[in-house]
Amino acid sequence: MIVDYKSFDLFGKQLFEKATIASPYELPSRMPESACFLYVLEGSYKAYGPDKVMSIKKNESLLLKCGNYVYKTSSVKKNDLNEAVAIHFDLEVLKKVYDKEFPSLLKKESSESTPQIIEIGTSLLVDKYIQDLLFYFKNPSLANEDLLILKFKEIILLLLQTEYAVKLREVLSSLLVPTKFNFKQVIEAHLFSDLNNEDLANLTNRSLTSFKRDFKKIYNDTPAHYIMNRRIQAAKEKLEVSEDSISEVAFDCGFKDLSHFSKFFKQEYKLSPSEYRTNFRTKF
C-alpha cells in the first residue's frame, strides 16, 4: 500500500518521485524510452529485470536501463515502511534540458552488452544530493522549472564523480539503448524467483494472454507446470550433492512453503526430500 507519494514533472514527464510504501507491495514498470536511478531511504526493495534480480537497502541505489521491471518491497514484516526516491531519465526531457548540447555520454552509441541493472556503491556526494532533494519535496512551491533542470543536470554530474565513474560512464552512455532479451532468456533467468505469470508477462513485454500462448508454443507446457518441474528437478540435484538443510534447498529452488515443496517432491519421486537424500547416498 502506498502511504505517501510526491512527484515533480518536467516538460510533462515524470522527473523526481518519492514514495513511502507499506509492505508487502509490488509494482510492474515499463520504461521503453527512459532510465531510472532508484535510491532507498528506508527499508529494502528487490528489482527484477529481464535477466537478473537485485536487492537494495537503506542508502543504496540502482541505475536501471530502459526496459521492463517488477519492483517488490522485501521487508519480512507486514506493514513495514519502505521509502525510496526515483529519478527518471526520459529521452525527450534529456533532449530539451541539454538542447543542442546533448551530452555525448548519453547518446545512443554504445553496444547492448551493458548490464540492465547496475548497483551503485555508497557515495557521500549522492547521499548529500538526495538530502537536498528531500528539501524540495517538503517545500514543493520552491521547485520551479529552472531549479528542476539544475537538479537534473546535477545528479548526472555527481554520478560521474563517484569512485564508479568509469563504469558509470559506460552505463550512462547506454541507458537509452534497449537490451534485447528473448523469451527463453527471461524465463530461465527467473525460474527460482518469486514472480507470478503477470510479472513474467511484463518482463517479456507481453499481455498475460500473449505470454501464456507464447509459453505454450515455445515450451509445449503451461508456465506453472514447466516451472514447477524445473524447480523440483533443481531441488533433487541439490539434495544429491549439497549439505544444505531441506528448507534451504526448498528456498533456493523457489519454494516459500516447506510443506508445499515436500508435497510436490513426493508426487514426482515417490519419496519425501529427506528420504530421497538418504536413499540416494546409501547407493554409494
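Strand 4 (residues 34-42) and strand 7 run antiparallel and are joined by 4 bridges. Strand 4 also has strand 9 as an antiparallel partner, this time through 8 bridges. This is a predicted model, so everything below describes a computed picture. Here's a quick tour, starting with the strands and moving on to the helices and a few residues worth a look.

**Strand 4 and its partners**

- Strand 4 is mostly covered, with 8 of its 9 residues buried.
- On the strand 7 side, look for F37, which stands opposite L63.
- On the strand 9 side, S34 stands opposite D90.
- As a bit of background, strands of a sheet pair through backbone hydrogen bonds, and they can do so in a parallel or an antiparallel way.

**An open sheet of four strands**

- Another set of 4 strands makes up an open sheet, and their order is 3-8-5-6 with antiparallel pairing.
- Strand 3 (26-31) and strand 6 (53-57) sit at the edges with a single partner strand each, so one side of each has no neighbour in the sheet.
- Going from one strand to the next, the twist averages 20°.
- Inside this sheet, strand 5 (residues 44-48) and strand 8 (residues 67-73) pair in the antiparallel sense over 4 bridges.
- One pair to pick out there is Y48 with its bridge partner V70 in strand 8.

**N82, a buried residue in strand 9**

- N82 belongs to strand 9 (residues 81-90).
- Its relative accessible area is 0%, so N82 counts as buried.
- The N82 side chain reaches the backbone nitrogen of S44 at 3.1 Å.
- Leaving out residues up to four places away in sequence, N82 touches A19, T20, I21, S23, E42, G43, S44, Y45, T73 and S75.

**Backbone oddities in the loops**

- S23 and P24 are joined by a cis peptide bond, with omega at about -5°.
- You'll find P24 in the loop between strand 2 (13-22) and strand 3.
- N59 isn't a glycine, yet it has a positive phi of about 70°.
- N59 sits in the loop between strand 6 and strand 7 (61-64), and at 34% relative accessibility N59 counts as partly exposed.
- N220 isn't a glycine either, and its phi is positive at about 55°.
- The loop between helix 7 and helix 8 holds N220, which counts as exposed at 61% relative accessibility.

**Helix 3**

- Helix 3 (residues 145-159) has 15 residues, so at 1.5 Å a residue it should span 21 Å; its end C-alpha atoms are 22 Å apart, which agrees.
- At the N-terminal end, N144 acts as a cap for helix 3, with a side-chain oxygen 3.3 Å from the backbone nitrogen of D146.
- The buried residues of helix 3 include L147, L148, I149, F152 and I155, and K151 is among them too.

**Helix 8**

- Helix 8 (residues 223-241) has 19 residues, so the expected span at 1.5 Å a residue is 27 Å; the end C-alpha atoms are 27 Å apart, in agreement.
- Among the buried residues of helix 8 are P223, Y226, I227, M228, R231, K236 and E240.
- The cover over the buried residues of helix 8 includes helix 5 (183-189), helix 6 (197-203), helix 7 (208-219), helix 9 (246-252), helix 10 (258-269) and helix 11 (273-281).

**R206, between helix 6 and helix 7**

- R206 lies in the loop that runs between helix 6 and helix 7.
- With a relative accessible area of 26%, R206 is partly exposed.
- The R206 side chain makes a polar contact with the side chain of D214 at 2.6 Å.
- The side chain of R206 also reaches the backbone oxygen of T204 at 2.8 Å.
- Not counting residues up to four places away in sequence, R206 touches R30, F183, A201, F211 and D214.

**Cysteines**

- A disulfide is a covalent bond between the sulfur atoms of two cysteines.
- How many disulfides does a search of the whole structure find? The count is 0.
- C66 counts as buried at 3% relative accessibility, and C253 counts as buried at 1%.

Definitions and conventions: Residues numbered from 1 in each chain as written. Predicted model: local features only at pLDDT ≥ 70, side-chain atom pairs only at ≥ 80, totals over all residues. Heavy atoms only, no water. Pairing = 2+ DSSP bridges. Helix = DSSP H or I, 4+ residues; strand = E, 2+ residues; numbered from the N terminus. Axes fitted to C-alpha atoms, helices over the stretch in contact; angles between N-to-C directions. Expected span 1.5 Å × (residues − 1). Buried < 20%, exposed > 50% of the residue type's maximum accessible area, 1.4 Å probe, protein only. Contact = heavy atoms within 4.5 Å. Polar contact = N/O pair within 3.5 Å; in protein donor to acceptor, adjacent residues only side chain to side chain. Disulfide = S-S within 2.5 Å.
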